[in-house]
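The following questions and answers examine a protein model together with its ligand. Please consult the sequence and the structure while reading.

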Amino acid sequence: MAQQVRGVIAPGKDEPVRVETIVVPDPGPGEAVVRVQACGVCHTDLHYKQGGISDEFPFLLGHEAAGVVESVGDGVTDVAPGDFVVLNWRAVCGRCRACLRGRPWYCFDTHNATQRMTLTDGTELSPALGIGAFAEKTLVAAGQCTKVDPAVSPQVAGLLGCGVMAGIGAAINTGQVGRGDTVAVIGCGGVGDAAVAGASLAGAAKIIAVDIDDRKLDKARTMGATHTVNSRQADPVETIRELTGGFGADVVIEAVGRPETYQQAFYARDLAGTVVLVGVPTPEMKLELPLLDVFGRGGALKSSWYGDCLPSRDFPMLIDLHLQGRLDLEAFVTETIELTDVEKAFERMHQGDVLRSVVVL
Ligand code: APR
Ligand code: ZN
Ligand code: ZN
């Protein structure tokens, strides 16, 4: 029977978000209802509210979540009621060209997510990134649920559903950071800090964190940065070269999403090094680089999409590492909040003093 629960809705462009009663239907074939235990507040939720992603209001926000499967529909075999799961926003199809080539993070069939939740008056809700987890319960495609060790706290597990996975994956999956490598990370918000942690996990010898805010640099040190550069005070390209014997870093991760910082990343890497773009640019941004430098410097210019992750491989692995004390995921949780505090969390995100506010239910 359909259930009524509380959820956080973005009713219209730039309107404040609010808690409303939502209707969660029983799971149909291939679907699961998840009792959400925690959901992080991500920039993408704010972008939805601002109308920057789609105009299909009202949105049910929240997509960085963990919880317990309550019920599953016909044909669901990978998860069962009672399983503790992390949700992912790439419900891959397993059949498209990207999936068949082993790159499911580029699965083009992004809409095998489900969209059947409504307001009590029947208005259809658009769940953010196909999830909608600022809610006591949510209906998702079963393929969006990855079972993980329930010994971990939900607020930590949920982080892997988006930003933290994007950053760690940028280092270990896309950048293929190896033992002894030199790595630079430009922009140390939640995503950049996760890239620092990922580089540290991978055994990088030097991890140089770059930001314009000293508070961010202090935090990056606690995540594993061995050197820091405030790029308002020193030229980041010069400093990274000095710190790497004049060469530049093996892997440079750009976690801001701007042409100027991408350019810094491009010139701060060693010859034949790798640049990974994980910061998300806006549509009007353009990049200009001398083609001769692209030719002459060689290497790989990559971008990282959801950390190029395979949820079934990466979520349980990172949670195991956390439980063993080898990856501090608690450090990403600045505060835990209630469903009613999401609007305030957006303001704090804007002021730049939180890594993650996490709604705990
Ligand atoms: N040089 C260096 N650092 C910068 C610069 C700059 N010119 N401009 C901003 N920064 C820093 C900020 O000080 C902040 O620490 O970049 C960081 C950005 O962090 P957040 O705003 O917290 O964003 P985050 O959640 O980490 O996401 C970063 O990745 O997934 C994408 O959409 C996301 O584009 C965003 C990026
Ligand atoms: Zn696919
Ligand atoms: Zn997100």
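**Questions on the predicted model**

Q: In which strand is the place of Val183?
A: The model discussed here is predicted. Within it, the place of Val183 is in a strand that covers residues 182–186. That element is strand S11.

Q: Is Val183 buried or exposed?
A: A residue counts as buried under 20% relative accessible area. Val183 has a relative accessible area of 0%. Beyond its neighbours within four places in sequence, Val183 is in contact with several residues, including Val177, Ala199, Ile208, Val251 and Ile253. Because its value falls under that cut-off, Val183 is buried.

Q: What distance separates the C-alpha atoms of Val183 and Pro25?
A: Val183 and Pro25 are 158 residues apart along the chain. In space, their C-alpha atoms are separated by 47 Å.

Q: How many residues does the largest nonpolar core have, and which helix gives the largest share of it?
A: The largest nonpolar core has 89 residues, and those with the most contacts inside it are Leu61, Leu87, Phe134, Ile253 and Phe332. The largest share of this core, 7 residues, comes from a helix spanning residues 163–174. The answers are therefore 89 residues and helix H4.

Q: How many residues does the second, separate core have?
A: A further core stands apart from the largest one. Among its members are Val210, Val229, Ala265 and Tyr267. The size of this second core is 17 residues.

Q: How many residues of H4 are buried?
A: H4 is mostly covered. Its buried residues include Gly163, Val164, Met165, Ile168 and Ile172, and also Asn173 and Thr174. The count of buried residues in H4 is 12 of 12.

Q: Which residue with a positive phi follows H4?
A: The residue that follows H4 has a phi near 50 degrees, a positive value. This residue is Gln176.

Q: Which residues come nearest to ligand 1?
A: There are 16 residues around ligand 1. The shell divides into 7 nonpolar, 7 polar and 2 charged residues. Those that come nearest are Gly190, Val191, Asp211, Ala255 and Val280.

Q: At what distance from an oxygen atom of ligand 1 does a backbone N or O atom of Val280 lie?
A: Backbone atoms of several residues approach oxygen atoms of the ligand: a polar backbone atom of Gly189 is 3.5 Å from one, and a backbone N or O atom of Gly190 lies 3.0 Å from one. For Val280, the corresponding distance is 2.9 Å.

Q: What percentage of the accessible area of ligand 1 does the protein cover?
A: On its own, ligand 1 has 720 Å² of accessible area. The part of this area that the protein covers is 77%.

Q: With which side chain does the side chain of His63 make a polar contact?
A: His63 is found in the loop between strand S4 (59–60) and strand S5 (64–72), and His63 is buried, with a relative accessible area of 0%. Outside the residues up to four places away in sequence, His63 touches Cys39, Cys42, Trp89 and Cys162, among others. The polar contact, at 3.0 Å, is with the side chain of Asp45.

Q: Which peptide bond is cis, with omega near -5 degrees?
A: The bond in question leads to Pro58, a residue found in the loop between helix H1 (43–49) and S4. With omega near -5 degrees, the cis peptide bond is the one from Phe57 to Pro58.

Q: Is Ala272 buried or exposed?
A: Ala272 is found in strand S15, and its phi is near 65 degrees, a positive value in a residue other than glycine. The cut-off for an exposed residue is over 50% relative accessible area. Because the value for Ala272 is 57%, Ala272 is exposed.

Q: Is Tyr306 buried or exposed?
A: Tyr306 has a positive phi of about 55 degrees although it is not a glycine. Its place is in the loop between strand S16 (300–303) and helix H10 (311–323). At 4% relative accessibility, Tyr306 counts as buried.

Q: How far apart in space are Asp214 and Val229, C-alpha to C-alpha?
A: Asp214 has its place in helix H6 and, at 41% relative accessibility, counts as partly exposed. Asp214 and Val229 are 15 residues apart in sequence. Their C-alpha distance in space is 8.8 Å.

Note on methods. Residues numbered from 1 in each chain as written. Chains lettered and ligands numbered in written order. Predicted model: local features only at pLDDT ≥ 70, side-chain atom pairs only at ≥ 80, totals over all residues. Heavy atoms only, no water. Core = buried A, V, L, I, M, F, W, Y, C linked by side-chain atoms within 4.5 Å. Buried < 20%, exposed > 50% of the residue type's maximum accessible area, 1.4 Å probe, protein only. Helix = DSSP H or I, 4+ residues; strand = E, 2+ residues; numbered from the N terminus. Near = heavy atom within 4 Å. Polar contact = N/O pair within 3.5 Å; in protein donor to acceptor, adjacent residues only side chain to side chain. Areas by Shrake-Rupley, 256 points an atom, 1.4 Å probe, with all protein chains shown as cover. Nonpolar A, V, L, I, M, F, W, Y, C, P; charged D, E, K, R; others polar. Contact = heavy atoms within 4.5 Å.
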